[in-house]
Each structure stands twice: as C-alpha cells, then as structure tokens.
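Reader: I am new to this structure. Please explain the terms used for it and the values behind them.

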Amino acid sequence: QVQLVESGGGLVQAGGSLRLSCAASGRTFSSYTIRWFRQAPGEERTVVAGITRSGDSTYYADSVKGRFTASRDNAKNTVYLQMNNLKPEDTAVYYCAAALPGTAWSIVAYWGQGTQVTVSE
C-alpha cells in the first residue's frame, strides 16, 4: 500500500515557477515509477511527466518539455515536479500517481489527492 500526498500548488503569474512535492508513505515507494498528471476543468486527465524508480530516466509531454523537471529522493520517499515559465494553459489540478514499471500510462496503482495550480495572465 502506498499513500501519496501532493503539496506546493498555488496561484502564480505567467512566467513564474512552482515546485510540487509528492510525499509517499510505504516501504515499497522505490518499487514504483511515479507519474504526474493534470486535469483542467472540462478536460480529460493527461500525463505530463514520469520518472523511473531510480530517477535515472524521465518523460515529459511535449507541452511541458523544457519547462518542467521531475526528480525524486527515494530516501525521503518524495517526488518533485519543478515547473518553470508557467503559462495560463498549465492551470489544472495536478496529481502524482504510482505505477508499476512497464505498465501503460493510464494504468496507475495509487493516486494522490491532487493540488491546484492556477496561472494568471
């Protein structure tokens, strides 16, 4: 069992930065890849970033590539999403999710509760 708690969301002006944290409980945290999703009102939840168990490989959606950086500290059971040069279209609820390696993006074992990110003009 893994429980995930996101934090770090908030209101920021366009061009600003935020760092989201995803704190996990459970001894098996390092067994899971972590994926970041976001969902804007009226839209589907989509993946924006992923990071492997060891943190040595990451994935980014084209819409955030070059602006977002995922990292993890397995000793602290925490994953981070550094978001720079934020745009209004980044406004959404952001979720972290734990998944078994090799599974499809939509196959998630555990979800966090989400944290709101709002980017103003």
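Author: The following exchange sets values against definitions. This is a predicted model, in which local features need pLDDT of at least 70, side-chain atom pairs count only at pLDDT 80 or more, and totals for chains, interfaces and linings use all residues. Residues are numbered from 1 along each chain as its sequence is written, and side-chain values use heavy atoms, with hydrogens and water left out.

Reader: Why is D90 called buried?

Author: Buried means under 20% relative accessible area (1.4 Å probe, protein chains only). D90 has 1% relative accessibility and therefore counts as buried.

Reader: What makes the link between the side chains of D90 and R67 a polar contact?

Author: A polar contact is a pair of N or O atoms within 3.5 Å, and within protein one must be able to donate a hydrogen and the other to accept it; residues adjacent in sequence count only if both atoms are side-chain atoms. The side chains of D90 and R67 make such a contact at 2.7 Å.

Reader: Why is β4 described as largely enclosed?

Author: Strands are DSSP runs (E, at least two residues), numbered from the N terminus. Six of the seven residues of β4 are buried, so the rest of the structure largely encloses this strand.

Reader: How do you know that β4 and β9 pair?

Author: Two strands pair if DSSP finds at least two bridges between them. β4 and β9 have seven bridges, in the antiparallel sense, and T33 stands opposite A99 in β9. β4 is also joined to β5 by five bridges, again antiparallel, with F37 opposite V47 in β5.

Definitions and conventions. Buried means under 20% relative accessible area, exposed over 50%, partly exposed in between (1.4 Å probe, protein chains only). Helices (H or I, at least four residues) and strands (E, at least two) are DSSP runs, numbered from the N terminus.
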